[in-house]
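Trainee: I am new to this structure and would like a close look at a single part. Could you walk me through one strand and its surroundings, and then show me what else is worth finding on the way?

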Amino acid sequence: MIRQRTLKSVVKATGVGLHGGRKVTLVLRPAAPDTGVVFHRVDLDPPLALPADPYAVCDTRMCSGLEKDGHKVGTVEHLMSALAGLGIDNLHVDVDAPEMPILDGSSAPFVFLLQSAGIEEQPAAKKFLRVRKTVEYIEGDKWVRLEPYDGFRLSFSIVFNHPAIDSTSTQVTIDFAEQSYVRDVARARTFGFMQDVEFMRANGLALGGSLENAIVMDEYRVLNAEGLRYADEFVKHKVLDAIGDLYLCGHPLLAAYSAHKAGHALNNQILRVLLEDREAWEIVSFDQSAATPPAVAHQFAPFPAFA
């Protein structure tokens with residue numbers, strides 16, 4: 001059986017919010033089977049629960065956030081990506097601010113936190129959302145597609161017309177039948193352009209952004225002294241974001257995802273297109289090992305082999 005997972009213990013971290021620039025305390029707590037991922041704004045009275053839900057997504061221009069009753073939790077995609085990559089189904093996420101801490105701009109610090117708390121298999125079968133037919137969403141020259149696939153594969157291409165980005169690979173395919181989230185995706189950081197950062201700060205955004213939590217470029221080059229972590233870090237971060245955005249559906253996908261120039265908004269739209277076509281998907285579990293597709297067995301191999 002491919003089982004559901006949660007944490008063994010509570011883990012805590014502090015950081016700054018990317019846009020608000022204020023200190024954020026984050027607490028990750030174990031949750032019972034079939035709980036899903038639930039964010040809690042513990043700074044409100046009473047605290048407000050915001051379950052991961054593609055229909056609660058807001059603020060897709062700069063990040064993926066969740067909104068309920070006029071209150072938000074922004075920039076959830078990096079944690080959601082880490083949860084998807086480690087196969088964690090059930091978790092309570094306590095946060096005392098309107099956005100998650102950005103940490104280093106990748107999901108690697110979240111992976112470290114989750115692994116430090118310990119990951120525990122639960123006595124319940126993991127529920128997958130299997131794509132049964134191809135769905136697509138197109139917006140001008142941008143598009144995103146989900147196709148049937150017995151595993152989880154992502155292909156992404158970007159176009160930025162910037163010398164620092166164009167000098168790297170602008171297309172990547174990650175197939176978790178063969179590759180590792182922790183090794184191949186998790187360390188890719190968010191990125192931005194100095195002129196955009198200046199504009200956003202003038203409008204009250206990116207107040208917490210710095211060279212410590214993003215790749216920043218001027219008109220010609222990367223300004224971070226240490227350079228890039230991956231030769232294709234820019235496009236890999238888009239894959240990292242897509243993994244987190246897609247996990248807001250509440251289940252790991254069995255699908256091939258492909259996208260060109262897509263972002264948070266299109267990732268959310270393709271989930272809605274999928275979910276609104278009841279013939280396009282089904283919920284499945286693998287109770288018997290013989291019935292588990294090899295790609296799924298590899299992606300969700302029991303610990304410690306997973307790492």
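Mentor: Gladly! One definition will help before we begin: two strands pair if DSSP finds at least two bridges between them. Please also keep in mind that this is a predicted model.

Let us start with strand S14, which spans residues 152-157. Five of its six residues are buried, so strand S14 is mostly covered, given that buried means under 20% relative accessible area. Strand S14 has a partner in strand S18, residues 253-260. The two run parallel and are joined by six bridges. To find this pairing in the model, look for Phe-156, whose bridge partner in S18 is Ala-259. Strand S14 also pairs with strand S15, residues 171-175, through five bridges. Here the direction is antiparallel. A handy landmark is Leu-154, which stands opposite Ile-174 in S15. As background, side chains in a regular strand alternate between the two faces of the sheet.

From there, you can move to another set of strands. S6, S7 and S8 form an open sheet of three strands, in that order, with antiparallel pairing. Strand S6 (57-58) and strand S8 (71-73) are the edge strands, each pairing on one side only. S6 is joined to strand S7, residues 65-68, by two bridges. Within that pair, Cys-58 stands opposite Gly-65 in S7.

A single residue makes a good next stop: Arg-41, which lies in strand S4, residues 37-41. Is Arg-41 buried or exposed? Its relative accessible area is 5%, so Arg-41 is buried. The side chain of Arg-41 makes a polar contact of 2.8 Å with the side chain of Asp-43. Beyond its neighbours within four places in sequence, Arg-41 is in contact with several residues, among them Pro-47, Leu-48, His-71, Lys-72, Val-73 and Val-95.

To finish, try a helix. In helix H2, residues 108-117, the buried residues are Phe-110, Val-111, Leu-113, Leu-114 and Ala-117. These residues cover an arc of only 160° around the axis, and therefore they sit on the same side of H2. Just after the helix comes Gly-118, where phi is positive, near 90°.

Key:
Residues are numbered from 1 along each chain as its sequence is written. This is a predicted model: local features need pLDDT of at least 70, side-chain atom pairs count only at pLDDT 80 or more; totals for chains, interfaces and linings use all residues. Side-chain values use heavy atoms; hydrogens and water are left out. Helices (H or I, at least four residues) and strands (E, at least two) are DSSP runs, numbered from the N terminus. Buried means under 20% relative accessible area, exposed over 50%, partly exposed in between (1.4 Å probe, protein chains only). A polar contact is a pair of N or O atoms within 3.5 Å; within protein, one must be able to donate a hydrogen and the other to accept it, and residues adjacent in sequence count only if both atoms are side-chain atoms. Contact means heavy atoms within 4.5 Å. The arc is that of the directions from the helix axis to the C-beta atoms.
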